[in-house]
Number of protein chains: 2
Amino acid sequence: MSGNGRIFTQLHYARAGVVTDPMRAVASAEHLDPELIRRELAAGRLIIPANVNHPELRPTGIGLAVACKINANIGNSAVTSDVEEELKKLQVCVRYGADTAMDLSTGGNIHGIREAILRASPLPIGTVPIYEAVQRVRRIEDLTEEILFQVIEEQAAQGVDYMTIHAGVLREYLPLVQHRVTGIVSRGGSLMAQWMMAHDKENPLTTGFDRLCEIFKRHDVTFSLGDGLRPGCLADASDAAQFAELKTLGELTLRAWDQEVQVMIEGPGHIPMDQLEMNVKKQQDLCHGAPFYTLGPLITDVAPGYDHITSAIGAAMVGWYGASLLCYVTPKEHLGLPNPEDVRQGIIAYKIAAHAADVARHRPGARDRDDELSRARFSFDWKRQFELSLDPDRAREYHDEALPNDAYKSAAFCSMCGPKFCSMHISQIIGVNSAQEAVKAP
Amino acid sequence: MSGNGRIFTQLHYARAGVVTDPMRAVASAEHLDPELIRRELAAGRLIIPANVNHPELRPTGIGLAVACKINANIGNSAVTSDVEEELKKLQVCVRYGADTAMDLSTGGNIHGIREAILRASPLPIGTVPIYEAVQRVRRIEDLTEEILFQVIEEQAAQGVDYMTIHAGVLREYLPLVQHRVTGIVSRGGSLMAQWMMAHDKENPLTTGFDRLCEIFKRHDVTFSLGDGLRPGCLADASDAAQFAELKTLGELTLRAWDQEVQVMIEGPGHIPMDQLEMNVKKQQDLCHGAPFYTLGPLITDVAPGYDHITSAIGAAMVGWYGASLLCYVTPKEHLGLPNPEDVRQGIIAYKIAAHAADVARHRPGARDRDDELSRARFSFDWKRQFELSLDPDRAREYHDEALPNDAYKSAAFCSMCGPKFCSMHISQIIGVNSAQEAVKAP
């Protein structure tokens with residue numbers, strides 16, 4: 001990726017008409033033409049977050065032209081977890097098919113945890129550098145621009161593939177959140193707001209945006225422009241603060257593109273179902289088609305303990321409407337730091353959402369796995385059904401709870417209906433076409 | 001409900017302009033005008049399944065004019081469970097807020113289990129009488145129309161509030177399923193098909209539909225017209241068999257209404273997201289506005305072990321589009337009979353779906369609980385947040401996993417972000433409006 005000592009971004013190469021190895025790898029994984037990948041990248045509609053200092057990476061494409069992707073957040077807090085636990089979570093991410101992961105550590109040993117994760121991760125790794133910056137000072141007020149940019153530079157040199165930068169939280173927008181029910185719910189957004197109020201100065205990530213572009217360009221770090229003013233409850237959804245920030249993110253997108261730096265845009269949050277499509281359209285419009293990276297959205301506030309579900313519903317729908325990367329939410333959201341089992345639950349809920357979105361968007365081949373699993377189901381090939389499941393271990397475990405004996409792995413029934421009431425078995429008896437035959441066109 | 005020895009249905013009274021006690025109870029529960037309930041009932045757009053022989057019942061309204069409802073399936077299979085376990089499941093249904101429950105027992109002691117459930121249930125109870133009928137004979141071929149109608153009559157006299165009747169599975173439709181990937185996946189549908197093929201006769205539930213109306217009228221049993229030909233996988237969704245049956249169900253609806261018998265219509269199944277709205281519109285159109293009672297729908301086939309989630313996504317969406325009753329799916333779907341914990345998981349997933357649908361439909365007051373919980377969240381009133389949760393026990397359990405001490409129930413942080421990184425705490429520090437203030441209009 002370097003020529004005469006200079007690093008060039010994937011966006012640079014794409015615009016110059018060069019198909020790079022990462023572009024070819026993405027094209028191959030997506031069964032698409034490398035030239036299409038290059039063209040989408042050049043237009044800003046697709047990104048390949050691939051820091052030149054992250055050689056362990058398996059390149060991943062994020063954008064409307066490729067399959068919908070999911071992100072898993074890991075990382076410790078001051079209350080709980082350490083390097084070993086975080087590496088376990090990373091293994092869960094890889095095993096169950098997260099496409100990207102963010103290390104959101106805010107507790108101790110942030111640098112060490114990130115180093116361990118980066119060196120072990122084939123997935124693009126994202127961070128929110130303000131977390132580490134704040135940990136270097138006693139109080140947020142003590143943070144200086146120099147410390148902030150130093151942390152960002154260090155993380156870029158370490159190999160972080162994308163960084164959440166809350167550069168859209170402007171001073172002038174803060175009055176817009178004063179009457180919200182849940183104020184600012186983005187950690188980074190609230191930290192920037194606190195800093196601005198303490199110093200009576202504009203957001204240093206905004207005033208220093210060109211400097212950020214310089215750093216990002218040198219390592220090919222992708223901007224994940226953070227939605228620091230996202231709504232944290234239904235009552236605050238789609239309000240003036242949210243959309244004021246989104247407009248600014250759209251302007252920053254153009255500035256980053258001018259510097260050949262890749263960009264995606266982070267999105268809400270808590271949004272009722274009837275506002276989801278409007279939110280996606282607005283992002284695509286205001287941000288010039290840059291990939292949309294949404295947190296859920298959660299479509300109701302009333303289910304703490306089950307927010308992987310409230311948010312997977314919103315995620316599936318925005319994936320269908322046009323979001324490109326779905327940031328998972330675990331069952332622990334709002335209640336505590338997720339453990340490895342929570343990470344697994346969150347990932348599967350989001351694999352469901354992303355896959356269903358691909359099916360609904362009629363991506364070529366998206367339904368193949370559904371059809372193959374359904375054929376295995378109809379022919380009582382339990383082992384194949386488990387293999388094709390998003391979580392084979394869980395499927396097998398549930399089946400075996402009542403019928404553990406291996407003989408039942410070819411039985412024409414399960415414990416749900418028993419041998420006499422299995423509709424699929426009866427269908428076979430009465431001669432409904434066997435599963436061996438090719439699936440008809442939809 | 002009886003005058004000079006005759007029983008009249010809720011539909012009869014509604015048409016006669018009489019507001020009954022059940023109508024008043026529903027109006028009160030829904031904060032609506034009793035006259036509106038009567039009018040909707042008279043038009044067939046709302047039902048109150050309330051068998052006159054089920055005095056334990058707390059009447060529940062199902063229809064577009066009232067809040068979206070959820071149904072939980074319980075019942076044993078030949079492989080597992082008994083009366084005690086099923087009563088435990090019923091308790092879970094009541095505790096976590098199922099609006100109706102179906103006893104789908106297919107194993108032993110079907111009559112006894114149903115009796116125990118009916119006598120203990122304030123929820124409307126539904127059944128699929130063909131299950132018990134088939135259990136009275138050795139082979140499905142041995143079933144006679146007399147046995148079938150005798151079972152239905154017995155169940156009606158026992159107090160069953162609604163019955164799934166697969167009267168839309170006509171002989172002429174069977175060729176339409178021959179080339180499906182998963183054939184007939186409705187147990188009742190497959191049994192009727194097998195019977196028709198063995199006897200070379202039309203569906204006795206269809207030929208005997210007037211007789212059914214007579215029985216249902218005498219006890220005020222509500223028809224749940226079954227979708228015996230629903231698709232069991234994405235590949236079979238929205239096909240000719242499914243819609244041929246739906247058209248017949250629409251015709252049967254008019255015949256039931258002629259007899260003053262209440263009706264709802266069962267719906268799919270497995271349907272990709274982009275076909276959901278069309279499916280709801282078609283049902284409402286072909287079935288003259290009769291309430292739509294959907295099973296999910298599951299929006300992908302690839303997640304056995306997590307089908308409460310794949311289906312809750314579809315359920316939330318069809319609830320928004322216009323379905324009135326959402327039949328839950330548990331994590332054990334396709335794999336085994338649900339246990340009480342599975343029932344709880346399924347119910348919460350569907351409470352989320354139904355509530356989110358109410359919010360998206362802008363039902364007056366639907367968002368109140370979201371707003372109240374969000375205010376409790378912002379003011380770190382953890383106990384109030386748990387209380388307002390759909391599953392308070394689970395929310396508390398997850399929170400306490402890392403911070404069990406009671407002192408943390410008023411802490412301005414949780415283990416997710418720790419004390420320094422709580423955005424809501426920072427919002428308060430910087431003076432974002434406290435949660436005490438009234439929620440602004442959306």
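# Asking why, one residue at a time

Guide: Welcome! Leaving out residues up to four places away in sequence, B:Thr9 touches B:Lys217, B:Asp220 and B:Glu260. Please keep in mind that this is a predicted model.

Visitor: What makes those three count as contacts of B:Thr9?

Guide: Contact means heavy atoms within 4.5 Å. B:Lys217, B:Asp220 and B:Glu260 each pass that test with B:Thr9. For B:Glu260 there is a further detail: its backbone oxygen lies 2.5 Å from a polar atom of the B:Thr9 side chain.

Visitor: Where does B:Thr9 sit, and is B:Thr9 buried or exposed?

Guide: You will find B:Thr9 in the loop between β2 (6-7) and α1 (10-15) of chain B. Its relative accessible area is 2%, and buried means under 20%, so B:Thr9 is buried.

Visitor: How far apart are the C-alpha atoms of B:Thr9 and B:Arg363?

Guide: They are separated by 28 Å, with their places 354 residues apart along the chain.

Visitor: Let us turn to A:Asp370. Which element holds A:Asp370, and how do you know whether it has a salt bridge?

Guide: A:Asp370 belongs to helix α15 (residues 368-378) of chain A. A salt bridge needs a side-chain nitrogen of Lys or Arg within 4 Å of a carboxyl oxygen of Asp or Glu. The nearest side chain of opposite charge, A:Arg367, is 6.1 Å away, so A:Asp370, although buried, has no salt bridge.

Visitor: Which side chains make polar contacts with the side chain of A:Asp370?

Guide: One is A:His355, at 2.5 Å. Another is B:Thr300, in the other chain, at 2.6 Å. The limit for a polar contact is 3.5 Å, and both of these distances, 2.5 Å and 2.6 Å, fit within it. Beyond four places in sequence, the residues in contact with A:Asp370 include A:Val359, B:Leu234, B:Asp301 and B:Val302.

Visitor: How many salt bridges are there over all chains?

Guide: The count comes to 68. Side chains of opposite charge can pair when their charged atoms come close.

Visitor: Why is the pair A:Glu341 and A:Arg344 called a salt bridge?

Guide: The closest N and O atoms of A:Glu341 and A:Arg344 are 3.3 Å apart. The cut-off is 4 Å, so the pair qualifies as a salt bridge. The two residues are three apart in helix α14 (residues 340-360) of chain A, which means that about one helical turn separates them.

Visitor: What makes A:Glu341 partly exposed and A:Arg344 buried?

Guide: A:Glu341 has 33% relative accessibility, and partly exposed covers the range between 20% and 50%. A:Arg344 has 11%, which puts it under the 20% mark and so among the buried residues.

Visitor: Which parts of chain B does the pair B:Glu132 and B:Arg114 link?

Guide: The salt bridge between B:Glu132 and B:Arg114 has its closest N and O atoms 3.0 Å apart. It links distant parts of the chain: B:Glu132 is in helix α6 (residues 129-135) and B:Arg114 in helix α5, 18 residues apart. Both partners are buried, because B:Glu132 has a relative accessible area of 5% and B:Arg114 has 2% relative accessibility.

Visitor: And how do you know whether B:Lys383 and B:Asp406 form a salt bridge?

Guide: Their closest N and O atoms are 3.6 Å apart, and 3.6 Å is within the 4 Å limit, so this is a salt bridge. B:Lys383 lies in helix α16 (residues 382-388) of chain B, while B:Asp406 lies in the loop between α17 (392-402) and α18 (423-429). B:Lys383 is partly exposed at 42%, and B:Asp406 is partly exposed at 47%.

Visitor: Which residues are joined into one network by salt bridges that share partners?

Guide: They are A:Glu341, A:Arg344, A:Asp391, A:Arg394 and A:Glu397.

Visitor: Now for the strands. Why are β8(B) and β9(B) said to pair?

Guide: Pairing requires at least two bridges. Strand β8 (residues 162-165) and β9(B) have four, in the parallel sense, so they pair. In this pairing, B:Tyr162 stands opposite B:Thr222. On its two faces, β9(B) (residues 222-225) has B:Thr222 and B:Ser224 on one side and B:Phe223 and B:Leu225 on the other, all of them buried. Three bridges also join β9(B) to strand β10 (residues 263-267), again in parallel, with B:Phe223 opposite B:Val263. From β9(B) the chain crosses through helix α11 (residues 240-258) to β10(B), and this β-α-β crossover is right-handed.

Conventions: Residues are numbered from 1 along each chain as its sequence is written. Chains are lettered from A and ligands numbered from 1 in the order in which they are written. This is a predicted model: local features need pLDDT of at least 70, side-chain atom pairs count only at pLDDT 80 or more; totals for chains, interfaces and linings use all residues. Side-chain values use heavy atoms; hydrogens and water are left out. Buried means under 20% relative accessible area, exposed over 50%, partly exposed in between (1.4 Å probe, protein chains only). Lys and Arg count as positive and Asp and Glu as negative; His and the chain ends are not counted. A polar contact is a pair of N or O atoms within 3.5 Å; within protein, one must be able to donate a hydrogen and the other to accept it, and residues adjacent in sequence count only if both atoms are side-chain atoms. A crossover is right-handed if, with the strands pointing away from the viewer, the path from the first strand over the helix to the second runs clockwise.
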